[in-house]
Amino acid sequence: MANSGKVLGTLLVLWAVLAGVSALPGGFRFLTFETDMAHLADILLRLEQGAQLHSDISTPLGAWGFAPFEVLMRAGVPMGHALIWGQALVGALLIPLLWWAGTSRLRTGGAIALGASALIIMAGLTYGRTDASVTFAMHYNRWSWALLLPVLVLVLLPPRSEDARHGWPPLIDGLVIGAAMFALAMIKASSFMAFAPIVILGLVLARNWRGLAVALGVGALGLVWLVATRGVAFILAYADELLVVSRSQLRTAPGASLPELLASPAHLPVTVLAIAALLTMRRVSPGSLPLLFVLLLGAYWATFQNYGNDPLWLIPLGLLLWDTGARPIAGPIAGKWANVLRFEALAAAVIVAPVLFNFALSPLRHLQTPPGGFVPLVLAAPQHGDLQMPASRVSERLLTRKYLEGKAAIEPSQFAGRTLARCGVTGGLITQVRAHVAEIDAAALGLTTQPYVADLFSPHWMMVGWDPLDGSAPWYYGGLPGFKNATHLLVPDCPFMPKAREKALDLIESWIEGKQGRGVTEVLRGTDFTLYRVER
């Protein structure tokens, strides 16, 4: 049995160290992924102003991925500090779940390994992989994995004592699983959908009927609370956003494709280990084979959905293999099978260790980042000037464009009588956005609201002090979100994603031809963009 006091004490100390080191610099100075950081800032500023996700803000991301920051910012905490302390708060809430999962299923060392891994992932100040970066980009991916680790341990591993199958323990299992899975659905629904089948199957195969009933009950109560506080329209709008993304041709794969994830040199060791684990568990514990197979299906899908494609599911798989090897195994060569299981567990640890080390070192990297040479990301909200990016990344020298040829030269090439440049920005997008708003502001056109921007993302409003465009998408996946509220249209000559520009302009042309509007009128020909007035 695990030493519950030792496990809890270790997790509390680790949480305090990670939170303290992250907070020491004051605010947040990121080094990379400024486009994703602008996307995050766009959403948070609009939430701070009272906007609602999925109605005022079009995004497939769940509300709870932003709620801790929103609460702190509405209380007057600057955005950079809110990111650090909001994440620390989520880590603190995770500790009881990790403590229960670890102490009820693992020995002391395994419980600490589980808890430490999840807290390190949660507290990371980078997106993953092994790049020596500092960024809050795609934080919801890290949070999702941190929530999933205790859930997967609870459904994959049996309780350490027979007594834990009766009385209160199964009910607590259900409470932890239900709460974590509801939170996961409210942070990143695709991760919830990937792992919900294994959670249900695991509880059914373990005959943990009370745990299953409590988990479903917690989910049902969460749904009732959501309807009571947000309304049915919120849930339907969230589901609609997810459907838009699933059908989007602009986001076929955020990272490696599925074939690459299975067989490329970088990912082949993971595939080999997964197959080896299936074969070994088939011999040692045949009853767990369906559960392990469903785990791998969900794990690969979730990994495919996450940029960076880090196989963090190897953590619960490694714990399962190690724990199975430590339990009695029937058969004449039980000792050899136990060694095979331990070897596979160690292989899982070796593969995932570099990513975990990167997460663990990222707060120290942030601490060592010199304060000089950074500028605020958000220009129109000085109170949030503690969210900063390198000044070198807004330099004109960084602005680079690539002219598209062959298959990359996408049709149509005309819009409103003007030939569109066949090029895309490959660096310095924030520089371009600031240049666009500066030109528009200097033209004194009287704009007070963000134009509809025909590109992948549109943080222009927070650089100049315009009102955000109601219903618009901080990150474009398809359709014309917010266009019905737009008075102007901004078409960049060199967009960040040419396909996004062409898709949006195609739909706008259809809108004009369908006589839903009178068209668009050019009001400003900028250095590398055109601004139109939308005639309705």
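Strand β8 and strand β9 (residues 488-492) run parallel and are joined by two bridges. Val453 has Leu490 as its bridge partner in β9. Strands here are DSSP runs of E with at least two residues, helices are runs of H or I with at least four, and both are numbered from the N terminus. Two strands are said to pair if DSSP finds at least two bridges between them.

A word on the source: this is a predicted model, in which local features need pLDDT of at least 70 and side-chain atom pairs count only at pLDDT 80 or more, while totals for chains, interfaces and linings use all residues. Residues are numbered from 1 along each chain as its sequence is written, and side-chain values use heavy atoms, with hydrogens and water left out.

**The two sheets**

The β8 and β9 pair belongs to an open sheet of four strands, ordered β8-β9-β11-β10, with mixed pairing. Its edge strands are β8 (452-453) and β10 (519-525), each of which pairs on one side only.

Another open sheet has three strands in the order β1-β3-β2, again with mixed pairing. Here β1 and β2 stand at the edges with a single partner strand each, so one side of each is left without a neighbour in the sheet. Strand β1 (residues 28-29) pairs with β3 (residues 387-390) in the parallel sense over two bridges, and Arg29 has Gln388 as its bridge partner. Strand β2 (residues 374-376), by contrast, runs antiparallel to β3 and is joined to it by three bridges. Within that pairing, Val375 stands opposite Met389, and Phe374 has Pro390 as its bridge partner.

**Salt bridges**

What counts as a salt bridge here is a side-chain nitrogen of Lys or Arg within 4 Å of a carboxyl oxygen of Asp or Glu. By this rule there are eight salt bridges. Three of them are set out below.

| Salt bridge | Closest N to O |
|---|---|
| Asp173 and Arg105 | 2.8 Å |
| Arg525 and Glu522 | 3.0 Å |
| Arg533 and Glu535 | 3.0 Å |

The Asp173 and Arg105 pair links distant parts of the chain: Asp173 is in helix α7 and Arg105 in helix α4, 68 residues apart. Are these two residues buried or exposed? Both Asp173 and Arg105 are buried. Buried means under 20% relative accessible area, exposed means over 50%, and partly exposed lies in between (1.4 Å probe, protein chains only).

The other pairs can be read on that scale too. Arg525 is partly exposed at 47% relative accessible area, and Glu522 is partly exposed at 36%. Arg533 counts as partly exposed at 34%, whereas Glu535, at 14%, counts as buried.

**A lysine without a salt bridge**

Lys188 sits in the loop between α7 (168-185) and α8 (189-205). Lys188 is buried yet has no salt bridge, and the nearest side chain of opposite charge, Asp36, is 11 Å away. For charge, Lys and Arg count as positive and Asp and Glu as negative, with His and the chain ends not counted.

Which side chains make polar contacts with the side chain of Lys188? One is that of Asn141, at 2.5 Å, and another is that of Asn306, at 2.5 Å. A polar contact is a pair of N or O atoms within 3.5 Å; within protein, one must be able to donate a hydrogen and the other to accept it, and residues adjacent in sequence count only if both atoms are side-chain atoms. Leaving aside neighbours within four places in sequence, Lys188 is in contact (heavy atoms within 4.5 Å) with Tyr140, Asn141, Ser144, Gln305 and Asn306.

**Helix α3 and positive phi values**

Helix α3 (residues 67-74) has Pro68, Phe69, Glu70 and Met73 as its buried residues. These pack against α2 (34-48), α4 (79-105) and α6 (139-156). Just after α3, Gly76 takes a positive phi of about 100°.

Positive phi also turns up at residues that are not glycine. Arg207, in the loop between α8 and α9 (209-230), has a phi of about 55° and counts as exposed at 62% relative accessibility. Asn309, in the loop between α13 (289-305) and α14 (314-326), has a phi near 55° but counts as buried at 6%.
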